[in-house]
Structure formats: structure tokens, C-alpha cells
Amino acid sequence: MTKTLFVLNGPNLNMLGRREPGIYGSITLSDIEEMCRKKAASLGWSIEFRQSNHEGQIIDWIHEAGEKAAGILINPAAYTHTSVALQDAVRAVSLPVIEVHLSNIHAREAFRHTSFISPAALGVICGLGAQGYEFAIEALVHHLEQ
Ligand code: DQA
């Protein structure tokens, strides 16, 4: 088994640090990438960390992960609440997927309470900020190594 996880980030997450700091804090996406790299390395794994503002690109990366990775951590951002195509992509690859959100989507606007990804995910972590990414990496590795 390859010891690589894909960490995929959806639209506007490249703006972290400047984007709605009252909700998302001051951490940047490159800070999160660094945290993920360190967490994975501490467990003997590596990550492929990517971000796109384009739905089709994220779908292509999920398919690529199906060939190259053992699992996926995904923060689909706003596509969480809109994208049947992302759910289908997750279902199309036989990999464990953990959905992560920095904010607690259930404590926000009603339109954020629905996730198209959750029904196809192994698990969901939300509301714990960037630490949620670390927890998801630990959970994926635990799931894959047990
Ligand atoms: C988010 C929550 C989504 O509702 C929102 O559209 C985002 C970020 C989060 O990480 O909290 O872009 O996925």
C-alpha cells in the first residue's frame, strides 16, 4: 500500500489568512500544509497537498488519488453544499475519505448544514480549525493501518 494521502482543498481556501478572519482565523493555507506535512511525517506517511477554485479540477484530483493515494482528506469548501459531482467522484474511487471543515458548518447559515460529501465519507470533522486536518490525518492513517 502506498503511504501517501491526498489533501484536497476547495474554492477560496487559498484566501485563508485574509478571508473572513472572524470565522477562519489568521492561519494561511500554507501554514495548514506545513502542519499536515509534519503530522503525516510523524506517522511515517507523506501527503500531496492541493487547492483549486474549480470543481472539475478537484474531481480530476479525486480520480488521480484513486490511482496514487491510500486515502483522501478533503475540505470541499462551498462545493460541500452544492456538488453532486464531488459526491459521485468520492463514490467512484474506493478510498477512505474524511471531510474536514475549519468552521462548524452546523452553527452557521442553514445552507451550510447540508453536505453532499458526508454520505460518501468515512467521517467528518468540523469546527476545530486547522487542528481538524491533523485529526483527520491521524484518523485516516489509523483506519488504513489497522
Ligand atoms: C468551509 C465551510 C464552507 O461552508 C465554506 O463555504 C468554506 C469553508 C470550512 O472550512 O469551514 O469555504 O469548508
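**Figure 1. His81 and its polar partner in the ligand.** In this predicted model, a polar atom in the side chain of His81 lies 2.7 Å from an oxygen atom of the ligand. His101 also takes part through its side chain, where an N or O atom is 2.8 Å from an oxygen atom of the ligand. Leu102 contributes with its backbone instead: one of its backbone N or O atoms lies 2.8 Å from a ligand oxygen atom. How much of the ligand's own accessible area does the protein cover? Of the 320 Å² that the ligand has on its own, 99% is covered by the protein.

**Figure 2. The surroundings of the ligand.** Here we step back to see the whole site. The ligand sits in the largest pocket. Around the ligand are Arg19, Tyr24, Asn75, Ala77, Ala78, His81, His101, Leu102, Ser103, Ile105, Arg108 and Arg112. Two of these residues, Ala77 and Arg108, get their own views below.

**Figure 3. Arg108, a buried arginine beside the ligand.** Arg108 is among the residues that surround the ligand, and it belongs to the loop between β4 (97-101) and β5 (123-126). Because its relative accessibility is 17%, Arg108 counts as buried. Look for the polar contact of 2.9 Å between the side chains of Arg108 and Ser103. Beyond its neighbours within four places in sequence, Arg108 is in contact with Ile23, Tyr24, Ser103 and His113.

**Figure 4. Two residues with positive phi.** Most residues other than glycine have a negative phi. Ala77, however, is not a glycine and has a positive phi of about 50°. Ala77 is found in the loop between β3 (71-75) and α4 (84-92), and with a relative accessible area of 13% it is buried. Glu20 is another residue other than glycine with a positive phi, in this case near 35°. Glu20 lies in the loop between β1 and α1 (21-24). Is Glu20 buried or partly exposed? At 42% relative accessibility, Glu20 counts as partly exposed.

**Figure 5. Thr4 in strand β1.** Our last view turns to Thr4, which lies in strand β1 (residues 4-9). Thr4 counts as buried because its relative accessibility is 19%. Which residues is Thr4 in contact with, leaving aside its neighbours within four places in sequence? They are Trp45, Ser46, Glu48, Lys68, Ala69, Ala70 and Gly71. If you want a distance to check on screen, try Thr4 and Ala121: these residues are 117 residues apart along the chain, and their C-alpha atoms are separated by 18 Å.

Key:
Residues numbered from 1 in each chain as written. Predicted model: local features only at pLDDT ≥ 70, side-chain atom pairs only at ≥ 80, totals over all residues. Heavy atoms only, no water. Helix = DSSP H or I, 4+ residues; strand = E, 2+ residues; numbered from the N terminus. Buried < 20%, exposed > 50% of the residue type's maximum accessible area, 1.4 Å probe, protein only. Polar contact = N/O pair within 3.5 Å; in protein donor to acceptor, adjacent residues only side chain to side chain. Contact = heavy atoms within 4.5 Å. Near = heavy atom within 4 Å. Areas by Shrake-Rupley, 256 points an atom, 1.4 Å probe, with all protein chains shown as cover. 1 Å grid on protein atoms, 1.4 Å probe; cavity = no way out; pocket = protein on both sides within 12 Å on 5 of 7 lines; lining within 4 Å. Sits in = over half its atoms within 2 Å of the grid points.
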